[in-house]
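Please look over the model shown here before reading on. The paragraphs that follow lead from one pair of residues outward to the whole chain.

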Amino acid sequence: MKKIIGGKRYDTDTAQFMGYAGYSHPGDFSYWIEHLYRKKTGEFFLHCIGGPMSRYARRTGLDEWTGGEEIRPLSLKEAREWAEENLNADEYKQAFGAIE
């Protein structure tokens, strides 16, 4: 996915994948997945996808919803917090370096 946000380009094809967190599988309406990426500039972002009953749902009509997708830029602090909650120690080390 490619997106321009705040004058900055975010592209999942050129950014480095760091890890993911999710719930269920794509056939489930409550399904969601968040992929953490790092740009060549060092900036982090999430690529988020979800079903029609997830936090990423999009309204299509009166009481009608479909799955959605978005890019969400993260500050370094937000990326570290997300990673601490969702990545294992090796994935965290790959993204942010070793922690004493």
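A convenient place to begin is Gly50, which stands opposite Gly68 in strand 8; here strands (E, at least two residues) and helices (H or I, at least four residues) are DSSP runs, numbered from the N terminus. Strand 5, residues 44–50, pairs with strand 8 in the antiparallel sense over seven bridges, where two strands are said to pair if DSSP finds at least two bridges between them. This is a predicted model, in which local features need pLDDT of at least 70 and side-chain atom pairs count only at pLDDT 80 or more, whereas totals for chains, interfaces and linings use all residues. Residues are numbered from 1 along each chain as its sequence is written, and side-chain values use heavy atoms, with hydrogens and water left out.

The wider setting is an open sheet of four strands in the order 3-4-5-8, with antiparallel pairing. Strand 3 (16–23) and strand 8 (68–74) stand at the edges with a single partner strand each, so one side of each is left without a neighbour in the sheet. From one strand to the next, the twist averages 20°.

Helix 1, residues 76–86, packs on this sheet and touches strand 3, strand 4 (32–38), strand 5 and strand 8, contact meaning heavy atoms within 4.5 Å. The direction of helix 1 makes about 55° with that of strand 3; axes are lines fitted to C-alpha atoms, for helices over the stretch in contact, and angles run from 0 to 180 degrees between N-to-C directions. Helix 2, residues 89–96, also packs on the sheet, touching strand 3, strand 4 and strand 5, and its direction makes about 140° with that of strand 3.

Tyr10 is found in strand 2, residues 8–11. This tyrosine is buried, with a relative accessible area of 4%, where buried means under 20%, exposed over 50% and partly exposed in between, using a 1.4 Å probe and protein chains only. Leaving aside residues up to four places away in sequence, Tyr10 touches Met1, Lys2, Lys3, Ile5, Lys39, Glu43, Phe45, Ile71 and Pro73. The C-alpha atoms of Tyr10 and Ala83, which lie 73 residues apart along the chain, are separated by 19 Å.

Taken as a whole, the protein chain has two helices and eight strands, which follow the pattern β-β-β-β-β-β-β-β-α-α along the sequence. Of its 100 residues, 36% count as buried, and its C-alpha atoms fill a box of roughly 50 × 30 × 20 Å, taken along the principal axes.
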